[in-house]
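Here is a short report on one protein model. It covers a sheet, the helices that lie across it, a helix pair and a pocket.

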Amino acid sequence: MEQGKKVKKVRKRVSRRFVRLLVLSVVFAGLLLGMFVRVGYIKYVHGDEYEQAARLQQAASTDYVIPALRGNILDAKGEVLVQSVRCYNVILDSKVLYEATDKEKNSTVKMLCDILGLTDADAIRKYYGEEYKEYRYLRLPGAQGIRTAEKEKLQQAVDDGSIVGVWFEETQYPYDSLAAHILGFNGTYGVEQYYDAMLTGIQGRKMVVAGDKGSYVTEYTAAQDGHTLTLTLNATVQHSMETILAEAMQEYNVLQGSAICMNPQTGAIYGWCNMPTFSLQDVEKAIGVTPKYLENYSPEDADYYTRIWTNAGLSSTYQPGSTYKPIFAAAALDEALLGTGTTFECGGSMPFYDTRIRCHAGAVHGVQTLRQILCNSCNVGMTKISELMSKQTYLKYQESFGVGQLTGIDLAGEVSAAGLIYTEDTMGPVELATSSFGQGFNVTPIQLITAFSAAINGGNVLRPYVVSTVTDSKGNVVLQNERTVLRQAVSEETSALIRSYLLDIVEEGGGGYARVDGYQIGGKTGTAEQGDYAERKYIVSFICYTPIENPEVVLLVVLDQNDSGTSADASRTAGKMLKSILPVLGIYPEPEG
């Protein structure tokens with residue numbers, strides 16, 4: 001009987017479990033059925049809508065911009081000055097090389113030559129010597145701006161021990177500070193700013209877009225890389241000018257300096273440098289700063305770096321002094337106000353209205369022709385010539401030569417100095433007289449060299465330029481700058497006389513320090529007081545050209561506040577530059593005899 005009760009209890013529990021399981025199964029089946037119904041409803045009622053949303057989400061996930069490479073900048077010979085792709089300089093640690101075994105040295109030379117295609121092994125071996133044993137950073141010539149593929153091959157050789165004493169620095173600028181003021185950086189200053197739209201390129205895009213009948217297709221627009229600029233600058237000329245100007249800055253303790261080398265027949269710039277300058281890889285690294293510069297400007301000043309980044313050759317103004325005399329003389333000759341035999345007498349000084357005009361150091365030049373007035377840099381003689389000219393006539397030539405006007409050069413930041421020259425309302429006899437020897441008004445260095453070039457090139461005022469061609473990524477020329485004559489300032493006959501007169505200044509006068517053996521060079525010195533005349537702050541300059549009959553090179557050197565205050569420092573600097581750069585430009589000395 002007890003056994004029967006137990007059986008009944010077991011059956012009862014099983015029955016209850018079955019009921020619960022059955023109920024749960026029914027509920028689950030109901031939920032599952034409801035879900036299927038809901039899915040069916042969504043599919044048939046909102047299916048197209050949700051499918052389109054999903055595809056749009058997919059499209060969004062595949063919609064992205066393809067960046068364009070910025071264009072490169074090359075010098076006149078095709079040397080890369082600014083490179084848009086990642087590149088590297090090969091750096092030698094000569095201390096490691098000096099201490100390396102012969103096997104390591106030989107292996108290093110071989111691998112460098114093989115990978116980089118270098119042919120002069122001795123140019124590498126010299127860095128093993130005693131002379132370089134303490135040097136830890138030397139850029140290997142011929143291995144600047146190498147591509148990533150070459151760097152990776154070299155790095156593998158470094159890793160396996162085939163190369164020792166070598167490391168790499170990443171750079172966009174293979175030459176660091178070379179032509180910094182002409183190039184600019186990050187789309188600012190120089191050609192970087194002036195040609196920014198051409199250098200930038202056009203971004204590409206990849207995206208999914210709607211097609212016919214609800215279909216979707218992938219569209220791809222390729223990026224258009226920026227255009228390449230080829231400059232008129234010659235990197236070798238530029239390097240020589242920068243090196244020589246930097247040495248002059250330190251030797252003469254100059255506040256600031258500029259030098260411009262141009263073809264006076266075309267307006268093409270061969271070289272242009274300013275000191276102080278800066279590193280393009282680290283723009284807050286100033287180069288060529290002198291003690292005098294630091295006396296006037298502090299790194300703590302808010303405009304310290306912008307002052308250094310700015311190209312003083314086209315944005316700073318100064319009184320040109322006697323370098324302007326050939327331009328004024330050309331105007332007088334062109335107006336036939338005097339002849340080649342007309343003479344004027346200099347007694348060292350002369351009263352002139354409410355002032356007194358003096359020659360430098362009170363020199364008495366006596367009776368002189370225009371040729372002699374220019375050679376002696378005689379202020380009294382120039383003043384007497386100014387008395388023959390009306391202010392209206394002078395102002396006509398001032399405008400024709402481009403004084404106080406933008407030259408139109410293809411660089412960002414040029415100023416005109418229009419407010420710093422005389423006008424008909426502000427010019428009287430004294431102002432006309434001081435203008436004859438370059439005092440009382442301001443120009444920019446690029447204005448002065450452009451006007452001077454017109455005086456010696458046959459009378460043509462040209463538009464100077466630094467970019468010769470712009471090419472697209474396929475090599476097609478999209479822009480070409482050429483010789484552009486803006487106007488005729490004086491006649492060829494007048495220009496020929498000025499050219500011949502200025503030869504005497506280098507051969508016999510104050511420009512003798514610029515003489516270079518084997519060349520005939522014409523030129524003019526200049527010294528002018530700046531700012532408050534009581535402070536006796538001088539800016540000295542020298543402008544010169546060669547050959548005499550058909551000038552191919554004109555060079556201007558401007559030194560602001562050198563210690564001596566004499567133009568001899570500028571003419572010495574110009575002479576060193578000419579000696580270095582003329583053969584590079586294919587202008588060789590005349591054979592002796």
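## A five-stranded sheet

Five strands build an open sheet, and their order is β11-β10-β24-β23-β22. The pairing is antiparallel. The model is a predicted one.

Why do β11 and β22 each have one side without a neighbour in the sheet? Both stand at the edges: β11 spans 269-275, β22 spans 522-530, and each has a single partner strand, so one side of each is left without a neighbour in the sheet. From one strand to the next, the twist averages 10°.

Look next at the β10 and β24 pair. Strand β10 covers residues 256-262, and strand β24 covers residues 553-560. Seven bridges join the two, which run antiparallel. One bridge links Ser258 to Val558 of β24.

## Helices across the sheet

Helices α9 and α18 both lie across strands of this sheet. The table gives their partners and angles.

| Helix | Residues | Lies across | Angle |
|---|---|---|---|
| α9 | 235-251 | β10, β11 and β24 | about 30° to β11 |
| α18 | 445-456 | β10, β11, β23 (537-546) and β24 | about 145° to β24 |

## The α18 and α19 pair

Two packed helices are described by the angle between their axes and the distance between the axes. Helix α19 holds residues 492-507. The axes of α18 and α19 come within 7 Å. They cross at roughly 105°. Angles of 65 to 115 degrees count as roughly perpendicular, and α18 and α19 are therefore roughly perpendicular to each other.

Which residues make the contact? From α18 come Phe452, Ala454, Ala455 and Ile456. From α19 come Ser495, Ile498, Arg499 and Leu502. By class, the contact residues are six nonpolar, one polar and one charged.

## The largest pocket

Rolling a probe the size of a water molecule over the atoms shows where empty space is left. The largest pocket holds about 1000 Å³ of space. Its lining has 37 residues. Closest to the centre are Arg358, Cys359, His360, Asn379 and Thr527.

Which elements give two or more residues to this lining? They are β16 (355-358), α14 (370-376), α17 (429-436) and β22. The largest share, six residues, comes from β22. That strand also stands at an edge of the sheet.

How do the lining residues divide by class? The lining of the largest pocket has 13 nonpolar, 18 polar and six charged residues.

Key: Residues numbered from 1 in each chain as written. Predicted model: local features only at pLDDT ≥ 70, side-chain atom pairs only at ≥ 80, totals over all residues. Heavy atoms only, no water. Pairing = 2+ DSSP bridges. Helix = DSSP H or I, 4+ residues; strand = E, 2+ residues; numbered from the N terminus. Axes fitted to C-alpha atoms, helices over the stretch in contact; angles between N-to-C directions. Contact = heavy atoms within 4.5 Å. Parallel < 35°, antiparallel > 145°, perpendicular 65-115°, else oblique. Nonpolar A, V, L, I, M, F, W, Y, C, P; charged D, E, K, R; others polar. 1 Å grid on protein atoms, 1.4 Å probe; cavity = no way out; pocket = protein on both sides within 12 Å on 5 of 7 lines; lining within 4 Å. Points joined across faces, edges and corners; volume = space filled by probe spheres on them.
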